[in-house]
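Student: Could we take a close look at just one part of this protein? I'd like to go through it slowly.

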Amino acid sequence: MKIDSVRREYTYADLSRETISENPVAQFSIWLDEAVGTNIDDSTAMSLVTFGTDGFPQSRIVLLKYFDENGFVFFTNYKSEKGISIENNPAVGLHFYWPKLERQVRISGFASKTETNLSDKYFHSRPLMSQISAIISEQSTEIPSRKYLENQFEILQNQLQNGKPARPENWGGYRVKPEKFEFWQGRENRLHDRISYEKQGDGWLIKRLAP
């Protein structure tokens, strides 16, 4: 397979200091609305980067569920590899990529657990089968087989008989409070537009970066 010549030009849009919002959360909302409105698959998917206990950075895809001025929220098993990593070092990175719009957003910040009522609210908004999966999966631990996982699922499903399970204490939300944003818009000839926001007191310092 020859891949060294795989490339394309980016011509969808531009990004200028004159038109970008003074608030990075507002700018993110504009871009996310466009991604959702363009019917991009998995438009709320983001790469979450943590520092693993082995010292290596680790990246995986999670789904953004809420965001506002206070931060960006996702949900997971607190005892998972990512949960343990966050407990040891709350500095994380988020990365959104929307190929159809030729855009990326990077966010650096610190993760902390959300309030329990938000975790409860979101857990019970999920389909019942997803709730069961969250309960029976000891995420990131070794299991003997796929059949073992399916058996655990079936056992709990039969026990519940369509009843509502309680949210397990080891499952809930994290809120990433941002310290830095970077918005990337692909441009022709690889002269991409990059605008960064860095937290400065109660406001944001905005810079244009070389591509």
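Which residues line the second largest pocket?

Tutor: Sure! First, this is a predicted model, where local features need pLDDT of at least 70, side-chain atom pairs count only at pLDDT 80 or more, and totals for chains, interfaces and linings use all residues. Residues are numbered from 1 along each chain as its sequence is written, and side-chain values use heavy atoms, with hydrogens and water left out.

Now, your pocket. A pocket here is an open set of points on a 1 Å grid over the protein atoms alone, where a 1.4 Å probe fits and protein lies on both sides within 12 Å along at least five of seven lines; lining residues have an atom within 4 Å of a point. The second largest pocket is lined by Val-49, Gly-93, Leu-94, His-95, Arg-106, Ile-107, Ser-108, Lys-180, Phe-181 and Glu-182. Strands S5 (91–98), S6 (103–113) and S7 (171–185) each give two or more residues to that lining; strands are DSSP runs of E, at least two residues, numbered from the N terminus.

By class, you get 4 nonpolar, 3 polar and 3 charged residues. Nonpolar covers Ala, Val, Leu, Ile, Met, Phe, Trp, Tyr, Cys and Pro, charged covers Asp, Glu, Lys and Arg, and the others, Gly among them, are polar.

How much room is in there? About 150 Å³, with volume being the space filled by probe spheres set on the points, which are joined across faces, edges and corners. The largest pocket, for its part, has about 360 Å³, and its lining divides into 7 nonpolar, 6 polar and 3 charged residues.

Key
Helix = DSSP H or I, 4+ residues; strand = E, 2+ residues; numbered from the N terminus.
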